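Biologist: Got a minute to walk me through this one? I'd like to know what I can lean on and how it packs.

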Amino acid sequence: MANLFKIDLQEDEWVDQVFQGRNQAYGAYKLRKQYSKTAVLSGIIAVVGLVIALGAPVLFNNLHFKQDTKLITEVNELKAPPPVDQTKPPPPPPPPVKPPPPVKQQIKFTPPVVEKNVKKEEIPPPVEETKKVDMGKADVKGTVDAPTDIPDDKPSAAAGEDPNKIFVSVENPPQYPGGDENILNDLNKYLQNHYPPLAKENNIQGRVTVNFVVEKDGSVTAIKVLRGQELGGGLAEAAVAAIKRLKRFTPGRQNGNAVRVSFSVPVTFRLEGNE
């Protein structure tokens with residue numbers, strides 16, 4: 001009787017009894033027959049997977065530590081200074097630093113002013129003393145024999161000055177023969193006989209501002225219209241033609257040298273009877 005209650009449903013005889021008289025070709029019968037093998041195989045796979053999951057980080061850390069150790073060793077080898085060659089002579093010492101030039105002695109320059117009460121310290125120095133020193137704003141003690149370097153204010157090629165630079169403002173602006181008013185007179189004389197026919201037919205008037213460059217020889221180049229192009233009727237073209245017929249200017253000068261200067265002139269177009 002004791003064996004009757006000891007039932008192992010996984011044994012083949014119990015599986016055969018359960019499926020006795022039934023369709024054993026059905027999948028449930030085969031699954032019951034192979035359950036023990038499947039359970040054992042699943043347990044083995046689970047244990048192997050658990051071992052791999054627990055051991056992989058340890059293995060990875062060991063490999064990474066070996067790579068870091070190798071890299072540190074290579075870096076230390078690169079940082080190590082090369083051995084010193086004892087047979088080579090030592091490098092030459094650095095060149096000595098040049099001392100600053102001596103300071104040129106100066107005497108305060110006092111402009112000549114007629115005053116009744118002249119202070120003793122404001123009396124101009126004798127002429128003989130001014131030949132030995134520089135003139136400045138205050139007395140400066142220094143070496144009398146120190147060299148004096150006076151910079152040249154004139155532009156030079158060595159200083160990087162562009163000889164073709166166009167100046168907008170100069171010390172001596174260009175001068176037109178007879179003055180600036182004569183520019184407008186010459187322009188009006190030309191336009192009286194050369195007013196654009198298309199503009200005259202359509203009663204087009206207005207002001208055209210023209211810019212040009214007065215060259216070093218006083219000639220006019222680089223003529224361009226700044227404003228008034230939108231008037232149409234050929235006014236802009238007529239203004240450019242009038243500028244081309246201007247006389248030569250006296251060139252502008254900067255630091256005593258003739259330079260190229262930008263110049264702008266308004267050309268006014270007005271028909272007779274519309275004044």
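Modeller: Sure. One term before the packing: a contact means heavy atoms within 4.5 Å. And keep in mind that this is a predicted model.

Biologist: OK, so what is the mean pLDDT of the chain?

Modeller: It's 76, with 57% of the residues at 70 or more. Over residues 149-158 the pLDDT is below 50, and that stretch has 7 contacts in the model beyond near neighbours in sequence.

Biologist: Now helix 5. Which of its residues are buried?

Modeller: Helix 5 covers residues 180-193, and its buried ones are Asn-182, Ile-183, Asp-186, Leu-187, Tyr-190 and Leu-191.

Biologist: And what do those pack against?

Modeller: Helix 7 (235-244) and strand 7 (257-269). Take Leu-187: leaving out residues up to four places away in sequence, it touches Ala-242, Ile-243, Leu-246, Val-265 and Val-267.

Biologist: Which residues touch the most other members in the largest nonpolar core?

Modeller: Ile-183, Leu-187, Ile-243, Phe-249, Val-267 and Phe-269, out of 25 residues in that core. Helix 5, strand 4 (206-214), helix 7 and strand 7 each supply at least two residues, and helix 7 gives the most, with 6.

Biologist: Switching topic: which residues form the nonpolar patch on the surface?

Modeller: Val-40, Ile-44, Val-48 and Ile-52, with about 370 Å² of accessible area together. Val-48 sits in helix 3, residues 35-79.

Biologist: Why does Val-48 count as partly exposed?

Modeller: Because its relative accessibility is 44%, and partly exposed runs between the 20% and 50% cut-offs.

Methods. Residues numbered from 1 in each chain as written. Predicted model: local features only at pLDDT ≥ 70, side-chain atom pairs only at ≥ 80, totals over all residues. Heavy atoms only, no water. pLDDT = per-residue confidence, 0-100. Buried < 20%, exposed > 50% of the residue type's maximum accessible area, 1.4 Å probe, protein only. Helix = DSSP H or I, 4+ residues; strand = E, 2+ residues; numbered from the N terminus. Patch = residues over 30% accessible without salt bridge, like charges linked within 9 Å, V, L, I, M, F, W, Y side chains within 5 Å. Areas by Shrake-Rupley, 256 points an atom, 1.4 Å probe, with all protein chains shown as cover. Salt bridge = Lys/Arg side-chain N within 4 Å of Asp/Glu carboxyl O. Core = buried A, V, L, I, M, F, W, Y, C linked by side-chain atoms within 4.5 Å.
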